[in-house]
Amino acid sequence: LLELVKSFQSKTRHINETLHIVPSTASLYGTDMVVEEQRQLVDSIARHIIYDCSRSTAVMSTNALAFLLLHIHRNGVNLSDLTISLDKLRDQLSASNKDTGFTGDSVDVIDHAVELLGPGLVQREKQPDGTIFIKPVTIIPNVIELAYYSNTLLPHFALDGVLGRVIMALSKRHRYCARIRSDEIIDTCFELCGILQYVIFVHQSVS
């Protein structure tokens with residue numbers, strides 16, 4: 001961490017003071033006045049650490065299952081279809097060099113994840129035709145806990161989602177123009193990312 005601080009300080013211009021180091025039990029943002037340059041330095045370090053953590057955190061089987069059940073199969077799904085969805089997700093993660101903390105056939109991975117999450121979060125039912133039906137428990141506290149597992153995958157799709165939403169919005173704004181300037185797309189993406197860091201969106205209502 002000290003090397004990271006030195007690296008940021010060496011790249012920061014027009015700063016006459018170095019970052020004030022305090023004991024771990026104290027807060028840099030206490031009653032003392034905080035220099036704006038120091039605040040920006042701490043903010044940059046925090047963003048860098050969060051980015052590194054996000055990139056280096058492996059996706060576990062419970063993360064993948066919770067993500068699929070919350071964002072793709074909220075109303076439940078047959079085991080065979082869920083297996084196909086997990087196969088596609090694993091291919092996407094592998095193509096982007098994202099580490100996964102599980103191996104083996106997807107059907108076995110799902111069975112293991114369902115067992116780990118427990119019946120309080122994921123229910124497994126046997127249908128009259130013999131198929132296995134898996135669905136999330138959509139009571140608000142349970143959905144919040146599932147979201148805790150699912151959030152590991154959100155950074156992987158966040159930028160793609162922002163870019164897609166921006167292009168859709170700008171396409172409506174420029175409906176009579178065949179082209180959208182790249183700088184306008186980038187600026188709007190920055191603006192939307194600035195909003196999303198303070199807002200939590202619920203994709204759909206919880207029954």
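Tutor: Buried means under 20% relative accessible area, exposed over 50%, and partly exposed in between (1.4 Å probe, protein chains only). This is a predicted model: local features need pLDDT of at least 70, side-chain atom pairs count only at pLDDT 80 or more, and totals for chains, interfaces and linings use all residues. Residues are numbered from 1 along each chain as its sequence is written, and side-chain values use heavy atoms, without hydrogens and water.

Student: How many residues of helix 3 are buried?

Tutor: Helix 3 covers residues 61-71 (helices, H or I, at least four residues, and strands, E, at least two, are DSSP runs numbered from the N terminus). Among its buried residues are S61, T62, N63 and A64. L65, A66, F67, L68, L69 and L70 are buried as well. The helix is mostly covered, and the buried count out of 11 residues is 10.

Student: What separates the C-alpha atoms of T152 and F67?

Tutor: T152 lies in the loop between helix 6 (140-150) and helix 7 (154-173). F67 belongs to helix 3 and is buried. Along the chain the two residues are 85 apart, yet their C-alpha atoms are separated by 8.6 Å.

Student: Why does T152 count as partly exposed?

Tutor: Look at its relative accessibility, not at its place in the loop. T152 counts as partly exposed because that value is 23%.

Student: What is the relative accessible area of D87?

Tutor: D87 sits in helix 4, residues 79-95. This residue is partly exposed, with a relative accessible area of 35%.

Student: What is the order of the strands in the open sheet?

Tutor: Strand 1 (residues 77-78) and strand 3 (residues 132-136) pair over 2 bridges (a pair needs at least two bridges found by DSSP). Strand 2 (residues 122-126) is joined to strand 3 by 5 bridges. Both pairings are antiparallel. The open sheet of 3 strands therefore has the order 1-3-2. 

Student: Which are the edge strands?

Tutor: An edge strand here pairs on one side only. That describes strand 1 and strand 2.

Student: Which residue in strand 3 stands opposite V77?

Tutor: Strand 3 has partners in both strand 1 and strand 2. E125 stands opposite F133. V77 stands opposite I134.

Student: Which residue in the hairpin of strand 2 and strand 3 takes a positive phi?

Tutor: The hairpin has 5 residues between its strands. A positive phi near 95° is taken there by G130.
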